[in-house]
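Open the model in a viewer and keep the sequence panel beside it. The stops below are meant to be taken in order, with one selection at a time.

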Amino acid sequence: MKELLIARSAGFCFGVKRAIAIADDTAAKAMDGRTEGPIQSLGPIIHNPQAVERLERKGVRVVGTVEEIACGRAIIRSHGVTRSDRNALEGKGVTIIDATCPFVTKAQEHARTLSREGYGVVVVGDPNHPEVKSIISYIEKGVPVFTSVQEVKSAKGVRKAGIVAQTTQSFDNLMAFVTAAIKRFPEVRVFNTICNATALRQQESTGLAGRADAMFVLGGYNSANTRRLAEICRAINPRTHHIETAEELAPEMVSGAKVVGVTAGASTPQWIIDGFVESLKGLWAGEEIQVSFYQ
Ligand code: SF4
């Protein structure tokens, strides 16, 4: 008998599901004539080329910068957007459709409040990531901002500091910043803005990788969270394959495997997971197959 185990948390998280629903709804309103003008998303709504193509077919055009948006509607993706980009869009009279994940909004709000209350702000995360750029943009001008442990260690003249984290950061990394901050600043406030969707998916996936003979991680090659998921699964199970769609599934990837595990990044649509399940069933035709969820 063959067994296929699907990680319960595979695929879209709450914030991405919400952003896609908002984009779908915006496109539907334009298609049936309830709204006029172009629909643009400021960056891809999610890091999954197949899902982005699907939205493009419905009229949602991806643009890289606010300069490319002259009118119509602009969808802000789950990562959020910088305050200056938001102001620029509002200044042009563009209608903003805000699909920022509420957890990211929370991190932006904490950053703003801390800076208004006189705290220096430590932002744990990748300073080049759009989410971190958006969080930093909510910090009032002139307030010291720290984005590395080294910067915290060498900070001067700051008596109190507040810490917020990019939602996808690991708890260990947040704690490294907290440890450095409490050694450096007399007063430290910490907001744990890490979203547990990522930790939960990673936990489940590593458990599953340990049980499976062959492990599959589905999702865009450009999706950082999918790549990370593949990395941690591979550390547990060297027979881990990161693929974007079922078309890449080859018989040798599962040869001799009795138990196959599958997980997917936060930006991988359900239809890609379903497609993989169907293709694997095709490869296993004639075998008795048990499909179940793993959590
Ligand atoms: S991972 Fe968490 S914070 Fe990020 S979009 Fe999903 S639910 Fe929101």
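A residue counts as buried under 20% relative accessible area, as exposed over 50%, and as partly exposed in between. Phe103, with a relative accessible area of 40%, is therefore partly exposed. Keep that scale in mind for the stops that follow.

**The whole chain**

This is a predicted model. Show the chain as a cartoon: there are 10 helices and 13 strands. Along the principal axes, the C-alpha trace spans about 70 × 55 × 20 Å. Of the 295 residues, 52% count as buried.

**The ligand**

Select the ligand next. Which pocket does the ligand sit in? The ligand is in the largest pocket. Now show the residues around the ligand: Cys13, Gly15, Cys101, Phe103, Thr167 and Cys195. Sorted by class, this shell has 4 nonpolar residues, 2 polar residues and no charged ones.

**Aromatic pairs**

Stay with Phe103 from the ligand shell and turn to the rings. The structure holds 3 aromatic pairs. The rings of Phe14 and Phe103 have centres 5.7 Å apart and planes at 55°. An angle under 30 degrees would count as stacked and one over 60 as edge-to-face, with the rest tilted; the 55° between Phe14 and Phe103 therefore makes the pair tilted. Colour helix 1 (residues 14-31) and helix 4 (residues 102-116) to see what this pair connects: Phe14 belongs to helix 1 and Phe103 to helix 4, 89 residues apart, so that the pair links distant parts of the chain. Phe14 is partly exposed, at 46% relative accessibility, and Phe103 is partly exposed as well, at 40%.

Move on to Phe146 and Phe185. This aromatic pair is tilted, with 5.7 Å from centre to centre and 40° between the planes. Phe146 lies in strand 7 (residues 145-146), while Phe185 is in the loop between helix 7 (171-184) and strand 9 (187-190). The two residues are 39 residues apart, and their pair links distant parts of the chain. Are these two rings' residues buried or exposed? Phe146 counts as buried, at 8% relative accessibility, and Phe185 is buried too, with a relative accessible area of 3%.

**Charges over rings**

Select Arg83 together with Tyr138. The charged end of Arg83 sits over the Tyr138 ring, 5.5 Å from the ring centre. Then select Lys160 and Tyr119. Here the charged end of Lys160 sits over the ring of Tyr119, at 4.5 Å from the centre.

**Buried residues in helices and a strand**

Go to Val121 in strand 6 (residues 120-124). Val121 is buried, at 0% relative accessibility. Add Val188 to the selection: Val121 and Val188 are 67 residues apart along the chain, and their C-alpha atoms are separated by 9.8 Å.

Next comes Val277, in helix 10 (residues 270-283). With 8% relative accessibility, Val277 counts as buried. Draw a line from the C-alpha atom of Val277 to that of Val291, 14 residues apart along the chain; the separation is 8.8 Å.

Return to helix 1, this time for Ala19. Ala19 counts as buried, at 0% relative accessibility. From Ala19 to Val149 the C-alpha distance is 32 Å, and the two are 130 residues apart in sequence.

The last stop is Leu208 in helix 8 (residues 196-211). What is the relative accessibility of Leu208? The value is 0%, and Leu208 counts as buried. Select Arg77 as the partner for a final distance: the C-alpha atoms of Leu208 and Arg77 are separated by 30 Å, with the residues 131 apart along the chain.

Technical notes: Residues are numbered from 1 along each chain as its sequence is written. This is a predicted model: local features need pLDDT of at least 70, side-chain atom pairs count only at pLDDT 80 or more; totals for chains, interfaces and linings use all residues. Side-chain values use heavy atoms; hydrogens and water are left out. Rings of Phe, Tyr and Trp (its six-membered ring) pair if their centres lie within 6.5 Å; planes under 30 degrees apart count as stacked, over 60 as edge-to-face and the rest as tilted. Helices (H or I, at least four residues) and strands (E, at least two) are DSSP runs, numbered from the N terminus. Buried means under 20% relative accessible area, exposed over 50%, partly exposed in between (1.4 Å probe, protein chains only). A charge sits over a ring if NZ of Lys or CZ of Arg is within 6 Å of the ring centre and within 35 degrees of the ring normal. A residue is near a molecule or strand if one of its heavy atoms lies within 4 Å of it. On a 1 Å grid over the protein atoms alone, a cavity is a set of points where a 1.4 Å probe fits but cannot get out, and a pocket is an open set with protein on both sides within 12 Å along at least five of seven lines; lining residues have an atom within 4 Å of a point. A molecule sits in a cavity or pocket if more than half of its atoms lie within 2 Å of its grid points. Ala, Val, Leu, Ile, Met, Phe, Trp, Tyr, Cys and Pro count as nonpolar, Asp, Glu, Lys and Arg as charged, and the others, Gly among them, as polar.
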